Amino acid sequence: MVPPHSWPSRGQLPPSQLRAAAPGPAPSAAGRSQRRIRARRGPGPGGAGSERAAAAMRSPREPGEPPPQAVECVQLKVPIIQQLYHWDCGLACSRMVLQYLDHLDNDEFQKAIQELRLTKSIWTIDLAYLMRHFGVKHKFCTQTLGVDKGYKNQSFYRKHFDTEENRVNQLFAQAKASKVLVEKCTVTVQDIQKHLSQGHVAIVLVNAVLLLCDLCSSPVKYCCFLPIGQKCFCRNPDYQGHFIVLCGYNTASGSIYYNNPAYADRTCCTSIRNFEEARRSYGTDEDILFIYTDS
Ligand SMILES: [Zn+2]
């Protein structure tokens with residue numbers, strides 16, 4: 001399920017320094033040019049192109065043609081937008097996705113989060129409603145349709161549990177009538193790779209404590225946002241719910257690429273093994289929100 005509080009993973013910046021990369025005018029032309037897929041199937045020249053290129057790769061085979069290999073490397077140009085506060089990583093991820101789809105209008109977005117009351121406590125189901133609000137084709141896969149009572153005693157969830165439980169369960173109950181697509185299902189890495197290879201993206205709930213980027217240097221200690229130089233006595237938590245946007249993979253190196261809204265300047269990369277561990281960790285309900293470009 002989702003985090004009442006989503007802390008930046010290994011957030012090395014105090015909230016005051018977490019800035020959105022983009023609240024200016026929607027960069028329409030730039031957004032469009034960023035919306036590119038780089039996909040390569042097996043050896044041969046890298047096939048630059050758009051979703052159309054990806055679609056072309058799925059065209060029916062000629063007789064005698066060898067069976068298609070899975071796309072080996074996908075890097076989608078998903079814009080990077082940083083979260084503003086410790087709790088709004090889900091909103092930052094939604095903005096990245098909407099901008100990738102050319103659907104991001106900042107005024108409209110502000111209106112939507114007021115209307116849907118997305119303040120301070122954002123669950124994956126909230127993000128599904130947000131996508132629906134913008135008419136974006138989506139599918140929310142989870143292991144628990146509603147709030148898992150088992151989380152009540154986890155420190156991460158404890159603070160807001162009772163007030164949130166009813167609200168969130170209601171959203172699940174009203175999902176179908178609200179045209180929000182929710183399914184209880186298990187998602188494999190292959191499912192995710194197939195989705196990405198078609199130019200689509202996904203927002204995933206992970207345990208940020210476990211997710212370790214291969215590219216970011218020296219993991220910074222979590223916890224609090226203390227002034228630099230001040231010593232921290234916090235214990236490392238077991239669970240920190242955090243949303244990220246998946247934007248590619250490389251099967252040769254066994255990597256997965258993602259935008260972490262804690263950062264404004266990079267696309268992160270981890271092993272599929274580490275990603276699976278962080279995504280399937282207790283506390284996430286294996287929530288994943290698939291977003292489709294044909295919206
Ligand atoms: Zn990184």
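Let me start with strand E8, where four of the five residues are buried, so that the strand is largely enclosed by the rest of the structure. Please keep in mind as we go that this is a predicted model, and I will come back to how confident the prediction is.

Which strands flank E8? On one side there is strand E7, residues 241-250, which is joined to E8 by five bridges and runs antiparallel to it, and in that pairing Val245 stands opposite Asn259. E7 and E8 form a hairpin with four residues between the strands, and there Gly254 takes a positive phi near 65°. E8 is also joined to E9, by four bridges and again in the antiparallel sense, with Tyr257 standing opposite Cys269 of E9.

Let me stay with Val245 for a moment, since this residue leads us into the interior. Leaving out residues up to four places away in sequence, Val245 touches Val78, Cys93, Met96, Val97, Val201, Ile203, Tyr258 and Asn259. The largest nonpolar core has 62 residues, and Val245 is among those with the most contacts inside it, together with Val97, Val201, Ala202, Ile203 and Leu246. Which element gives the most to this core? That is helix H3, with eight residues.

Within helix H3, which covers residues 89-100, we also find Ser94. Is Ser94 buried or exposed? Ser94 counts as buried because 31 other C-beta atoms lie within 10 Å, where the cut-off for a buried residue is 20 or more. Once its neighbours within four places in sequence are set aside, Ser94 is in contact with Leu127 and Leu130. Between Ser94 and Leu127 the C-alpha atoms are 7.0 Å apart, although 33 residues separate the two along the chain. For the chain as a whole, if we take contacts between residues at least 6 apart in sequence, 75% of them join residues at least 24 apart.

Now let me turn to helix H9, residues 272-279, in which Phe275, Ala278 and Arg279 are buried. Seen down the axis of H9, these buried residues fall within an arc of 95°, so they line one face of the helix. It helps to remember that an α-helix has 3.6 residues a turn, so residues three or four places apart point the same way. What does that face pack against? The buried residues of H9 pack against three strands, namely E6 (201-207), E8 (255-259) and E9 (268-271).

After H9 the chain goes through a loop towards strand E10, residues 288-291, and Asp285 lies in that loop. Asp285 has a positive phi of about 55°, although it is not a glycine, and Asp285 is buried, with 24 other C-beta atoms within 10 Å. For background, most residues other than glycine have a negative phi. Another residue to look at is Lys179, which has a positive phi of about 60° and is likewise not a glycine. Lys179 sits in the loop between helix H7 (161-173) and strand E5 (182-184), and here the surroundings are sparser in C-beta atoms, since Lys179 is exposed with 9 others within 10 Å.

Coming to E10 itself, Ile288 and Phe290 point one way from the strand while Leu289 and Ile291 point the other way, and all of them are buried. E10 is paired with strand E4, residues 138-142, through four bridges in the antiparallel sense, and there His138 stands opposite Ile291. E10 also pairs with E6, again antiparallel and over four bridges, and in this case Val204 has Ile288 as its bridge partner.

Stepping back, the chain has nine helices and ten strands, and buried residues make up 40% of its 295 residues.

Finally, how far should we trust the picture? The chain averages a pLDDT of 78, and 67% of the residues score at least 70. Confidence is highest in E10, at 98, and lowest in strand E2, residues 47-49, at a mean of 36. Over residues 1-59 the pLDDT is below 50, and yet this stretch has 122 contacts in the model beyond near neighbours in sequence. The pLDDT also stays under 50 over residues 221-226, for which the model has ten contacts beyond four places in sequence. Where pLDDT is low, the predicted coordinates should not be read in detail.

Conventions: Residues numbered from 1 in each chain as written. Predicted model: local features only at pLDDT ≥ 70, side-chain atom pairs only at ≥ 80, totals over all residues. Helix = DSSP H or I, 4+ residues; strand = E, 2+ residues; numbered from the N terminus. Buried ≥ 20, exposed ≤ 12 C-beta atoms within 10 Å, placed from the backbone. Contact = placed C-beta atoms within 7 Å. Arc of directions from axis to C-beta. pLDDT = per-residue confidence, 0-100. Pairing = 2+ DSSP bridges. Core = buried A, V, L, I, M, F, W, Y, C linked by C-beta atoms within 7 Å.
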